[in-house]
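Colleague: I'm new to looking at structures like this one, and I'd love a guided tour of one part. Could you pick a single chain and take me through it slowly?

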Amino acid sequence: MGVFFYITAAIAVFSTAMVVTRFNIMHALLYLIVSLLSVAVIFYLYGAPYMASLEIIVYAGAIMVLIIFFVMMLNLGPESTRLEKQWLKPGMWMVPALFCVILLGELVYLIAQNHTPVTGIKEVPPKAVGRSLFGPYILAVELSAMLLMAGIVGAYHLGRQQPKTLHRFLQSKPS
Amino acid sequence: MTLAGILFVLGLISMLIRRNMIFMLLSVEIMLNAAGLAFIVASSHWAQPDGQVMFMFILSMAAAEVSVGLALILQLYHQLKSLDSDEASRMKG
Amino acid sequence: MLFLIPALPFFSALVLILAGRSLNKAAVSVIACGSMGIAAAITLVLGLPFLQSGEHIIVQHLWTWMQAGSFTAGIDLRLDALSLAFVFVITFVGFLIHVYSTGYMAEDADYSRFFACMNLFVGAMLLLVLADNLLLLYFGWEGVGLCSYLLIGFWYKDPANGYAARKAFIVTRVGDTAMAIALFMLFQYTGTLQIQQILDQAPQLWAAGNSTIVLIAFLLLGGAVGKSAQLPLQTWLPDAMAGPTPVSALIHAATMVTAGVYLIARTHVLFELAPAAQTGVAVIGAVTLLLAGCSALVQTDIKRVLAYSTISQIGYMFLALGVGAWSAAIFHFVTHAFFKALLFMGAGAVIVAMHHEQDMFKMGGLRKQLPAVFWVFLIGSASLSAIPFITSGFYSKDQIVWLAWSSVHGHTFYWIAAITGAFLTAMYTFRMVFLTFYGPKASHHTPHAPGNSMMIPLYILALCSTLAGFVELPHTMGHVTLFSDWLQHILPAVQLQQESTALEWTSQLLAAGLTFLGIYIAWVWVIERPDGMLRFSQMPFMRWLRKLWFSGWAFDALYDEMLVHPFVRTARMNRRDMIDRIYTTLARITEWLHNMLARTQSGLLRWYIMGVVLGAVVILSVLIWRVYV
Amino acid sequence: MVLLYIILIPMFGALLSWLASARNIALCRWIALVSLLCGLLLVTVLWVSNAADPTPAGHWMYNWQQPWIPHFGISLHLAMDGLSLVMLALTFFLGALSVLISWREIKFKIGFFHFNLLFVIAGIAGVFLTMDLFLFYFFWEVMLIPMYFLIGIWGHERREYAAYKFFIFTQAGGLLMLLAILGLYFIHGANTGVYTFDYFYLLNTPMERAVAQWLMLGFLVAFVVKLPAIPFHTWLPDAHTEAPTAGSVVLAGLLLKTGAYGILRFVLPLFPAASHDFAPWAMLLGVAGILYGGQLAYSQPDLKRLIAYTSVSHMGFVLLGAFAFNELAYKGVVMQMIAHGISTGALFMIAGALYERMHTRELSRMGGLWPAMPAMGTVTMIFVMASLGLPGLGNFVAEFMILLGSWQANHIMTILATIGLVIATVYSLRIMQKVFFGQSERQYALPDLGLREWLIMAPLVVVILWLGVYPQTVLGTITNYELRITTFSAPHVPQAESSGRVVPVSDSSFVINHAP
């Protein structure tokens with residue numbers, strides 16, 4: 001079981017790294033999908049099959065596709081990659097990378113502190129998830145529904161091409 | 001768990017480096033995903049469904065967030081004709 | 001009745017100030033001279049009972065001026081023999097000077113303002129002399145200082161006069177502060193400022209030579225020195241000649257400068273208790289005597305010569321006070337008032353005649369043009385240089401010279417100083433006379449003789465300066481001591497070391513000889529061989545000496561350098577008020593902080609995320625450090 | 001009740017004159033003038049009636065008590081004794097004159113100007129009367145704000161800067177004082193269980209030395225800022241140069257006195273022991289003020305700034321005298337407050353008149369004005385001589401008594417202060433020399449003192465001479481206060497007086513720990 005885990009973990013890390021370094025947006029998106037899938041597999045390994053499926057359906061499927069469509073809509077073309085190259089000077093990397101590594105070091109240090117044996121993976125059937133979802137968390141579910149509804153309305157409203165100006169100071173008309 | 005940490009940090013790095021807003025959005029996605037992973041590992045560890053319930057919420061939140069984020073980026077793109085986050089610095093102190 | 005004496009001049013001054021400009025010249029002079037004349041008349045009337053017995057005293061309390069807890073100071077006047085002498089001189093000479101100045105200031109525009117200030121001055125001086133408590137004396141003291149400021153700076157158009165007036169006021173004010181501190185100490189110990197009570201309590205409170213009484217006496221001496229232009233504070237008198245001549249005659253010859261002498265004479269008990277202070281007075285007197293004498297030798301301006309001679313004559317008075325010859329000092333004051341006022345007014349007549357020309361070298365040969373002025377001037381200078389037997393100056397100065405040596409506190413050094421002083425006085429007086437009246441006629445325009453309103457006072461004063469001498473004859477000549485036993489009850493008689501008349505004869509002869517020698521040298525210097533003297537004075541050492549003496553022994557430069565310049569420089573440097581800068585810098589710091597903060601909001605998204613990350617890192621590291629280490 | 005009228009008259013006058021200004025300007029000015037004059041009349045009536053049968057030492061002439069917020073023990077407690085009576089007379093006198101002086105000078109928003117002016121005077125009258133610390137702070141603020149407007153709106157070039165500076169300085173001081181008041185309030189409450197702001201109760205609050213030290217410092221800072229002592233004086237020159245003539249007369253004449261009054265009324269009696277320890281420092285501060293203020297006055301190119309620094313120097317004497325703790329210096333301090341108020345007020349009026357004529361305050365551009373304006377010259381001469389302490393004028397009597405009193409307390413300080421007198425001569429004569437004597441390079445036909453100006457100057461000259469020659473009237477009225485300082489004995493709470501003039505103090509205090 002450990003072997004699978006390490007393989008998928010390696011894939012996930014590699015694909016996220018690729019996402020971070022790619023210049024072209026589409027490549028990065030695709031790598032991201034790969035990384036999501038590998039995470040889904042890990043979910044499954046950790047005894048959360050329901051979550052794995054959800055991850056694939058919602059996350060990889062819906063959100064990623066949405067972003068891809070969005071990018072295609074903007075049809076940035078090659079010049080965006082050139083722009084990207086121009087922005088990603090190696091010099092830029094140093095400072096943030098340094099801090100993130102420190103952060104990582106601390107996280108790892110914390111996790112390693114109370115390290116318990118990894119073997120205790122217990123299966124959590126979707127039925128248990130469902131029961132608790134509508135048990136104590138009923139209110140949270142309603143809230144997330146509200147959140148989604150807000151998201152939709154917001155997306156719709158912002159996305160519309162209003163002819164008139166949005167704000168006093170945003171004079172220029174949207175194309 | 002360490003994997004979640006690594007993923008999260010990678011997302012963070014990309015967030016810091018990238019000037020393109022879409023990439024920032026992507027890195028937010030990565031970070032969310034890493035957080036979700038951490039939750040799932042924890043729930044599996046204590047055999048409690050809560051972790052997974054939490055992941056459910058993260059998913060829903062991520063979805064809503066992406067939709068609104070993209071709409072905003074669309075608007076900004078129309079205003080500034082570019083996706084560079086430095087352009088949008090009119091809120092200077 | 002007594003309060004009328006000071007009240008009259010004050011009242012007329014008030015009238016002149018208020019209605020001054022509307023009255024014409026004649027009315028103004030009538031008011032001014034009238035008030036002085038009546039005051040003189042009242043003094044004579046009040047003075048009569050004093051003639052038989054010296055100890056007659058008139059005291060008058062007007063109203064309580066200040067009353068706070070234990071301290072009470074009333075406006076109360078006291079006339080006794082000593083103050084009568086002063087009041088008589090002030091009113092009599094003052095009246096003559098007023099009459100003289102009606103002529104002298106005839107064509108001046110601010111006629112009424114001049115007389116207002118003159119009357120104010122005489123009023124303040126009378127108050128000073130008649131005051132029974134030290135606070136009222138201080139009132140007169142400062143009032144006199146004010147009027148001298150007003151009168152010296154009378155011709156205010158020329159800023160130099162303004163500067164001289166300010167200098168006079170400030171230097172005398174320094175003396176006044178010393179006196180004020182003496183007043184505080186006296187009040188602290190005796191609980192009152194009434195002069196009589198202080199003089200009674202003083203012997204019990206302090207034994208002779210006790211440190212506090214010596215300090216008090218020295219502080220009083222400081223006040224007297226300031227006002228009478230003695231050694232440390234004498235720089236203002238020569239510059240005070242910037243005022244009109246009647247002012248110099250009244251203030252700088254007859255009355256104000258002798259206020260110091262009056263103060264010391266009035267508080268003689270304190271000085272007797274503090275022998276150190278008394279010797280201090282004598283030393284100051286002797287040294288000033290010599291300094292002023294030398295400086296007078298080289299002056300070119302006729303009034304400055306007289307100014308320095310005044311300083312040296314007051315030096316004589318201080319010397320007399322120092323050696324305990326109280327009545328001699330007062331006698332010298334009386335005679336000096338007469339002939340010095342005469343000399344100043346004579347000089348004024350000459351200046352008016354020469355159309356305001358004050359430089360002696362530009363005058364000459366006035367003997368023939370102004371015979372009357374010449375004769376009067378001659379009498380004055382004769383009594384100044386103490387020509388024996390005929391002039392009053394001889395009797396008063398000779399008495400001081402003799403007592404300087406023979407009195408208990410006397411000392412040969414004082415005698416030598418007095419003798420050389422007499423010699424110097426004779427020399428510079430007759431140098432002045434010869435320069436102005438003898439020699440070739442230097443000035444081109446014809447001098448017009450002064451009107452009789454100026455001449456009459458001159459004649460009267462000439463008469464007085466000759467007759468006044470016979471009131472007090474020395475032992476060798478009939479030993480008439482009318483004046484001193486008149487002052488007997490107020491001022492103790494001088495104790496002599498030994499009574500030998502032979503010694504007295506020798507000192508008198510020596511003094512007379514030196515005076516004639518001085519006159520002869522002056523004759524040679526000016527008339528006989530002026531070119532010889534010129535060569536003599538060109539020698540390098542002589543030129544340096546001449547320059548030193550001319551500037552009044554460089555005291556002016558000394559004080560400027562020591563006191564005036566640092567004060568002015570620091571003041572100018574500090575114009576913008578350093579402490580203000582503290583607050584403005586405070587304001588600037590807050591502004592700078594504000595800018596720093598503003599810069600952090602750069603609007604760049606990535607900087608904000610960086611901030612978040614940094615925060616996270618810091619918190620985590622703290623957590624780890626706290627929990628696990 | 002008569003005390004309440006004294007405060008209310010200027011307030012109503014203020015409102016009335018503001019309303020009247022809508023109709024016509026002259027009416028508004030006359031109302032302001034009349035209200036102040038009848039205030040002055042009231043105070044003189046009180047003075048004369050008191051002079052007739054002087055109250056025994058240690059008692060208060062009038063006392064009026066009205067519970068305001070009983071819950072906290074705050075009461076409208078107004079009382080008047082010799083000190084406050086004299087100060088009120090000065091307030092109304094200078095107030096009336098300042099209205100007169102601004103007859104032609106203020107051109108715009110005249111109603112509001114008079115409103116502010118009268119409110120300041122009401123505030124000052126309140127400050128001099130209150131016996132309740134809370135009310136004292138209230139009037140302290142009431143006095144401050146209109147003054148800020150006076151400087152800020154009708155001032156000269158840099159008025160905003162000066163107004164801000166003035167406000168911040170005094171406000172900071174005031175806040176410290178508020179802390180001290182509250183501290184005192186709670187300590188008193190804690191020790192004696194009686195929570196009250198009343199002055200008489202707070203007088204003998206037992207507290208240990210360190211606490212007393214701090215509370216005293218809190219009070220002292222507020223008054224030292226107001227009475228410009230050295231480290232906190234920099235607001236004064238700016239405020240004076242920028243304020244309109246009436247403003248700077250009220251500022252110099254009255255506001256500085258509230259500082260000195262505060263010290264005499266609150267700092268010394270409330271914290272006798274602490275102020276005794278602090279005395280040498282305070283005297284040092286005073287003497288430093290005299291010398292430093294004097295030197296700065298000498299170097300100022302601007303006439304009003306010069307006069308401002310002279311008042312810093314004069315107020316140094318007040319500080320010196322206040323902390324000399326003897327009855328002589330105390331009376332000298334009160335005299336100094338009055339004489340300085342009049343002489344500096346007059347000097348400011350003259351400076352204002354000069355500014356009106358020549359539109360400049362630069363000394364270098366003035367000179368040789370005597371031929372053009374002999375009358376103003378003589379009046380300035382009188383007040384310049386007063387400011388340098390010439391005997392026969394008010395200031396000398398005050399300064400002499402202060403120095404005489406402080407000699408008992410501390411020799412060195414007094415010697416330094418007397419040296420200050422010489423510096424006073426230097427800068428005062430500089431005014432005369434620079435403005436009136438000397439050469440005048442420009443020939444300008446300047447009108448001499450007009451009738452209105454004579455109407456202002458004549459009473460001032462008369463009062464300064466009267467103070468100089470016969471100060472006994474003033475010295476007489478302030479007898480009944482000194483008993484407290486020298487003997488540190490707390491004033492016995494005024495019992496019921498026969499003639500009903502002094503109302504018995506009702507026990508308005510309220511004990512918090514148990515509800516009534």
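Modeller: Here is a close look at chain D, with a short detour to its neighbours at the end. Keep in mind that this is a predicted model.

Let's start with the overall make-up. Chain D contains 19 helices and 2 strands. It has 516 residues, and 62% of them count as buried. If you take the contacts in chain D between residues at least 6 apart in sequence, 81% join residues at least 24 apart.

Now zoom in on one pair of helices. Two packed helices are described by the angle between their axes and the distance between the axes. How do helix 12 and helix 16 of chain D pack? Helix 12 covers residues 303-322 and helix 16 covers residues 411-435; their angle is about 160°, and the axes are 11 Å apart. An angle over 145 degrees counts as roughly antiparallel, so that is the word for helix 12 and helix 16 of chain D. Their crossing is left-handed.

Which residues meet there? From helix 12 of chain D come D:Leu306, D:Thr310, D:Ser313, D:Phe317 and D:Leu320, and facing them from helix 16 are D:Met413, D:Ala417, D:Gly420, D:Ala424, D:Tyr427 and D:Ile431. Sorted by class, this contact of helix 12 with helix 16 has 8 nonpolar and 3 polar residues, and no charged ones.

Stay with helix 12 of chain D for a moment, and look at the loop between it and helix 13 (327-358), where you'll find D:Phe325. Most residues other than glycine have a negative phi. D:Phe325, though, has a positive phi of about 55° although it is not a glycine. Is D:Phe325 buried or exposed? A residue needs 20 or more other C-beta atoms within 10 Å to count as buried, and D:Phe325 has 20 of them, so it is buried.

Next, the strands of chain D. Strand 1 (residues 62-69) and strand 2 (residues 74-80) pair in the antiparallel sense over 7 bridges. One bridge to look for joins D:Gln66 to its partner D:Leu76 in strand 2. The hairpin of these strands has 4 residues between them, and there D:Gly73 takes a positive phi near 75°.

Time for the detour. Chain C has its own positive phi in a residue other than glycine: C:Ala386, with a value near 60°. You'll see C:Ala386 in the loop between helix 17 (371-384) and helix 18 (392-406) of chain C. With 28 other C-beta atoms within 10 Å, C:Ala386 is buried.

Chain A, finally, comes to 7 helices and 0 strands. Of its 175 residues, buried ones make up 23%. For contacts in chain A with a separation of 6 or more, residues 24 or more positions apart account for 56%.

Chain A also touches chain B, in a contact that takes 66 residues from chain A and 52 residues from chain B. Several helices of chain A each supply at least two residues of that side, including helix 1 (2-21), helix 5 (90-113) and helix 7 (138-159). The largest share, 12 residues, comes from helix 3 of chain A. By class, the side of chain A that touches chain B has 54 nonpolar, 10 polar and 2 charged residues.

Note on methods. Residues are numbered from 1 along each chain as its sequence is written. Chains are lettered from A and ligands numbered from 1 in the order in which they are written. This is a predicted model: local features need pLDDT of at least 70, side-chain atom pairs count only at pLDDT 80 or more; totals for chains, interfaces and linings use all residues. A residue is buried if 20 or more other C-beta atoms lie within 10 Å of its own, exposed if 12 or fewer, and partly exposed in between; C-beta atoms are placed from the backbone. Two residues are in contact if their C-beta atoms, placed from the backbone, lie within 7 Å. Axes are lines fitted to C-alpha atoms, for helices over the stretch in contact, and angles run from 0 to 180 degrees between N-to-C directions. Angles under 35 degrees count as roughly parallel, over 145 as roughly antiparallel, 65 to 115 as roughly perpendicular and the rest as oblique. A crossing is left-handed if the near helix is turned anticlockwise from the far one by less than a right angle, and right-handed if clockwise. Ala, Val, Leu, Ile, Met, Phe, Trp, Tyr, Cys and Pro count as nonpolar, Asp, Glu, Lys and Arg as charged, and the others, Gly among them, as polar. Two strands pair if DSSP finds at least two bridges between them.
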